[in-house]
Structures are given as C-alpha cells and as structure tokens.
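Dear colleague,

Here is the structure I said I would pass on. My notes on cysteines and charged side chains follow below it.

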Amino acid sequence: MADWRKKFSSLSLSNDGLATKSSQEQERCEASVAKLFKSYRDNPEAEKIYLFREIHIAYLESGIRKLPYHFECLDASRPWLCYWILHSLSLLEHEISQDLTRDIIDFLRRCQSPHGGFGGGPGQLPHLAPTYAAVLALCILGTKEAYDIIDRPSLQLFLSQMHQPDGSFIMHFDGEVDVRGVYCALVPAILTNTLTDDMISGTADWVASCQTYEGSFSAVPGTEGHGGYAFCAFASLLLLKKQNLCDIHQLLKWACHRQMSVEGGFQGRTNKLVDGCYSFWVGGLFPLIYMSLKHSGDKGLQDNLWHFHQESLQEYILYCCQYPRGGLMDKPGKGRDYYHTCYCLSGLSVSQHCFGGNETINITDNKKDLLISTHPLFNIPVDKVDQAMEYFTQAPKISILQQTERKT
C-alpha cells in the first residue's frame, strides 16, 4: 500500500491547537496502533498476520480449572469466567472433554441458589449477571445433564421477582436498576422457556425510554449512552419484538460513529479510546440493526453486509489485540484477559460472517482464521441456541404449584 504516513496523518485526531488529557491519550493510542500496522505493511519480510488459534486455545484452557491469585477480585464472577472461556473455545471450534464438561456442570450446579438463579460462586446470592452467564455456559456445553441442572421453576420465580412495576429489572434482591438487567433476564428466560407475560409487563417501554439524544442507550433514562448498554437495550427490544419503539436509524448513526478512523476498532462512548471489547458490544449492534431494517422493508441495505468497515475491525483485532503468548486485549500496551478474549473473538466472528448468508469476509484469506458464527442476539454459537431452545420447548410447563412451593 502506498504512503502509510500520509494516510495515517489524514485520519489522525486534530486537536485544533488545544491539547487536553483526552486528546493526548488519543494521540498516543493512534501512534501505537499506527506503529503496529506499519511494521506489517512496510516490512516485506514481516510474517503475514493470522489468528493465533492454537496459542489462544492453550491460554484459555490454562484458566478453566485454575487461575492466578490476582483473579481473587473476580470471585463473584466465576460463572462469567466459565462463559468467557467456553464461548471463546467454541468460536475457535475447540472441543471440551467429557471430564471437563462434567466438572463445569458440577461447579455451576453449586452456584445455583435455592431461591432461583445463579450467584457469582457457590453459596453466593443470586444475581442476574451470573445467571445470564451460567445459563449461556450450560447451553454451550449443550448436554442433557447441563440443561437439567437448571431449576426452571425457581429460575422463573427469581426472574419474576427482579421485575419492577415500571418494567425495569433490579440486578439482585434490593439491588440497582440497570438496562443490562433486562437483557440478563430475557436471555435465560427465553432460552429455558420460562418467560411469562407478567415478567415483561412494561419492560419494552422502559427500555425505549433509555434511548439518548445521540441514539445510543443509557443504563437508566436520562444518563450517558454507552456501547454495552446500547447492545443490551436494543437486543432486549428485539427479543421482545418491540424494536420499533426506538429510533433505529439514529442508533445506527451513533454506532457508525463509534468506529475509529485510524484504529478500525470501536470506542464505547463519544470521545473515548478504542477498546477491543466493543468489537462485539458495538460491532454486534450492526447485525441486529440489519435484521430490524430488513424486517421493516428498508431499501437502503446492502445485502449481507453490515454498516461498518468489517475489514478494518478485523485488522484492529488481529494486528493490535492479539497477545503473543495467547489471549486478546483491550488495546496495544494492555494486558490480556478472558473478558477481552471473549469479546474480541465475538466481534471478529461478527465481522467475518453475514447472518443468514453463506459468504464470509476474511482479511487473511486463510480458512483456518475463520471463526464459527456467533448468534447476534445471544452471543453463543447459532447451533447451540437452536439446540437449547428445541430442548426447553419440549420441557414440561411450569405449574402454579411449583411456583408456590418455591415461595414457601
């Protein structure tokens, strides 16, 4: 490619002669990314970039049974660690052994609360976030034993108790209201066939009220828009089949402006730095928006292409987010972790696959670098969603008697 210095100069941030802490951080970030891009583009002897598949698998497997001491701060997020690692391995098409499958099922069984839902670890109070993560992890494992440990009557009761009169959800008993709570309640309820009309009374209207003037969504009405909240809110409206309650075109405009000019990855908020996790939290919005506009008959869609630069996102993830010893990271200079590994790979999958189509976009032209397709609403492999919903659709209907037994 021609003059990279000129290209990056034209795309780089202009601070209009007024340097601030934010503009200086952005300039440093752009410089570190440009250096990585140039090292590959300008050096004909440099090894062609590729997905470090086997190294990532080794890193993920090393954390599934035992983690270093500094992970103590995530003691209340242990089902999340199961989900992040299992989902990453599933995208990489790495098979989980039967012994490990049994051990994970047993661990998540012990995280399940007698009051319904799952806690962050054995004996911890139930919370919507680890409930979401635990159910997804069990669906990824996809065995009858994994499905059957879920106490559906207690789960249904717990999710119903988190629902508030205005349609919002609290994250735990006496906990905070957050739009993520809606998504973390809807996903396990839909996958396990425990959703009720009462559970979602007023919910779609409350979620729609969280849309901001920019087109994004905030945690609660009247606060700042954010990529994670935007995904959870819009995905929730789609799950409720109420997406037309929000301004979809304004959301699309906001999401398009989150892709960074130099980096190619996404930022989560206006005037913030790029972050690999938004490869999914913002990148994952585009298939959802496409589905919505396609359903409404919008004529401005490109067939089987999302409305962002998919190749640029792949470049950012592969050039800038892969850690040489396995795992993926936020941005150059940061450390690897399982959270960013999961959502960088999820975003890479979104950028490679066109939902509902057979064509793929792969900047390396090597089939070994293609991930499997993740479901844009649930963020687990598409076949795992189909398999779980088929299983739980055939499950016995939950009776009022079972609900009463759990209350007592």
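Starting with the cysteines: the closest cysteine sulfur to that of Cys29 belongs to Cys320 and lies 8.4 Å away, which is too far for a bond. A disulfide needs the two sulfur atoms within 2.5 Å. Please keep in mind that this is a predicted model. Cys184 is likewise in no disulfide, its nearest cysteine sulfur being that of Cys232 at 6.0 Å. The search covered the whole structure and returned zero disulfides.

As for where these two cysteines sit, Cys29 counts as buried because its relative accessibility is 5%. Cys184 has a value of 6%, so this residue is classed as buried too.

Now the charged side chains. How many salt bridges does a search of the whole structure find? The count is ten. Three of them are described here, with some notes on their surroundings.

Asp99 and Arg102 form one of the salt bridges, with an N to O distance of 2.2 Å. Both residues belong to helix α5, which spans residues 98-111, and because they are three residues apart there, about one helical turn separates them. With a relative accessibility of 47%, Asp99 is partly exposed. Arg102 is also partly exposed, at 40%.

Helix α5 holds another such pair, Asp106 and Arg109, again three residues apart, or about one turn of the helix. The closest N and O atoms in this salt bridge are 3.3 Å apart. Relative accessible area is 33% for Asp106, which makes this residue partly exposed. Arg109, at 36%, is partly exposed as well.

The third pair is in helix α7, residues 144-148. Asp148 and Lys144 are four residues apart in this helix, so about one helical turn lies between them. Their salt bridge has its closest N and O atoms at 2.6 Å. Which of the two counts as exposed, and which as partly exposed? Lys144 counts as exposed, with 54% relative accessibility, whereas Asp148 is partly exposed at 39%. Beyond single pairs, shared partners link Asp106, Arg109, Arg110 and Glu145 into one salt-bridge network.

In short, the cysteines form zero disulfides, and the salt bridges number ten.

Regards

Technical notes. Residues are numbered from 1 along each chain as its sequence is written. This is a predicted model: local features need pLDDT of at least 70, side-chain atom pairs count only at pLDDT 80 or more; totals for chains, interfaces and linings use all residues. Side-chain values use heavy atoms; hydrogens and water are left out. Buried means under 20% relative accessible area, exposed over 50%, partly exposed in between (1.4 Å probe, protein chains only). A salt bridge is a side-chain nitrogen of Lys or Arg within 4 Å of a carboxyl oxygen of Asp or Glu. Helices (H or I, at least four residues) and strands (E, at least two) are DSSP runs, numbered from the N terminus.
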